[in-house]
Amino acid sequence: MDRQDLISAARDLLIVVDNPKSLCPQEIEKIRIRFIKELEAEKERQLSRASKVCVNCGFYMLSANGCDTKYIAMDGSYYLRILVEEKGLTKEGRCHDCGAFLGKIHHMGCDMERCPICKKGQFITCDCIIGKEVSTVNVNEER
Ligand SMILES: [Zn+2]
Ligand SMILES: [Zn+2]
Ligand SMILES: [Zn+2]
C-alpha cells in the first residue's frame with residue numbers, strides 16, 4: 001500500500017462527498033473502510049521508519065542528517081563511502097530508504113548506498129563485499 005493508493009482512495013471518497021447519489025451505501029462503506037485501512041497502514045509505515053535506529057551511528061534515522069562514518073574498511077584498505085545522491089530522494093530531500101539528506105552518508109543497511117569499491121553495485125548486496133569482513137571507520141584526514 002503506497003501513497004498512490006491512499007491518494008486514489010481519498011479521490012474516490014471525495015467523489016462520494018460531491019455526489020452522494022453516485023454510489024449505493026454499501027459501496028460508500030467499502031470505500032470508507034478501504035480509506036481508513038490505508039491511512040492506518042501509511043501511519044504505521046511512517047512510524048516504523050521514524051523510530052528506526054541505525055546500528056552504525058545509533059541515531060534515529062529521521063532525526064539525524066546522516067550517518068557518521070565516512071569509510072568502509074575491508075582487507076586492510078579504506079574506501080570512501082558513496083554519499084546520498086539525487087536518485088530516490090523524498091520531497092524533503094532525504095534518502096527514501098534511510099532518511100539521510102542529500103550529500104550526507106547513508107545509514108547502515110540502506111538499500112540505496114552504492115558499493116564504495118566498484119562504485120556500481122548496491123553496497124549491501126555487492127559481490128565485492130559479500131562474505132568479507134567489513135567495518136565502518138572514520139579516518140583522521142587532518143594529519
Ligand atoms: Zn547511521
Ligand atoms: Zn540511504
Ligand atoms: Zn562492488
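Two residues count as in contact here if their C-beta atoms, placed from the backbone, lie within 7 Å. With that in mind, look at the whole protein chain: of its contacts with a separation of 6 or more, 42% are between residues 24 or more positions apart. What you have open is a predicted model, so let's begin with how confident the predictor is.

**Stop 1: the whole chain**

Color the protein chain by pLDDT. The average is 84, and 85% of the residues score at least 70. Where is confidence lowest, and where is it highest? Select helix α1, residues 3-18, for the lowest mean, 70. Then select strand β2, residues 77-80, for the highest, 94.

Now switch to a cartoon view. You should find two helices and three strands. Walking along the sequence, you meet them in the pattern α-α-β-β-β. Buried residues account for 15% of the 143 residues in the protein chain.

**Stop 2: a serine in the first helix**

Go back to helix α1 and pick S8, which has its place there. Is S8 buried or partly exposed? S8 is partly exposed because 13 other C-beta atoms lie within 10 Å. Next, add F35 to your selection. S8 and F35 are 27 residues apart along the chain, and their C-alpha atoms are separated by 9.1 Å.

**Stop 3: the sheet**

Select the three strands together. They form an open sheet in the order β2-β1-β3, with antiparallel pairing. The edge strands, β2 and β3, each pair on one side only. From one strand to the next, the twist averages 35°.

Zoom in on β1, residues 71-74, and take its two partners in turn. Toward β3 (134-137), the antiparallel pairing is made by four bridges. To see a bridge on this side, select I72 in one strand and its partner T136 in β3.

Toward β2, four bridges again join the antiparallel strands. Two pairs are good to pick out here. A73 has Y78 as its bridge partner in β2, while M74 is bridged to S77 in β2.

**Stop 4: the hairpin turn**

Follow the chain out of β1 and into β2. The hairpin of these strands has two residues between them. Select D75, which lies in the loop between β1 and β2. What is the sign of phi at D75? The value is positive, near 50°, in a residue other than glycine. As background, most residues other than glycine have a negative phi. D75 is also exposed, because 8 other C-beta atoms lie within 10 Å, and a residue counts as exposed with 12 or fewer.

**Stop 5: the loop between β2 and β3**

Move on to the loop between β2 and β3, where you can visit K119. K119 is another residue other than glycine with a positive phi, near 60°. K119 has 12 other C-beta atoms within 10 Å, so this lysine is exposed.

Stay in the loop between β2 and β3 and select L89. L89 counts as partly exposed because it has 15 C-beta neighbours inside 10 Å. Which residues does L89 touch, not counting those up to four places away in sequence? Show R94, C95, H96 and L102 to see these contacts. Then draw a distance from L89 to G99: they are 10 residues apart in sequence and 8.8 Å apart in space, C-alpha to C-alpha.

**Stop 6: the nonpolar core**

One of the residues touching L89 is C95, and C95 leads to the last stop, since it belongs to the largest nonpolar core. How many residues make up this core? There are 10 in all: C54, M61, A64, C67, V84, C95, C98, A100, I105 and C110. Select them as a group and show their side chains. In soluble globular proteins, nonpolar side chains tend to be buried together.

To finish, keep A64 from that group selected. Leaving aside its neighbours within four places in sequence, A64 is in contact with C57 and F59. Add C57 and F59 to the view to complete the contacts of A64 described here.

Notes: Residues are numbered from 1 along each chain as its sequence is written. Chains are lettered from A and ligands numbered from 1 in the order in which they are written. This is a predicted model: local features need pLDDT of at least 70, side-chain atom pairs count only at pLDDT 80 or more; totals for chains, interfaces and linings use all residues. A nonpolar core is a set of buried Ala, Val, Leu, Ile, Met, Phe, Trp, Tyr and Cys residues joined through C-beta atoms within 7 Å. A residue is buried if 20 or more other C-beta atoms lie within 10 Å of its own, exposed if 12 or fewer, and partly exposed in between; C-beta atoms are placed from the backbone. pLDDT is the predictor's confidence in each residue, from 0 to 100. Two strands pair if DSSP finds at least two bridges between them. Axes are lines fitted to C-alpha atoms, for helices over the stretch in contact, and angles run from 0 to 180 degrees between N-to-C directions.
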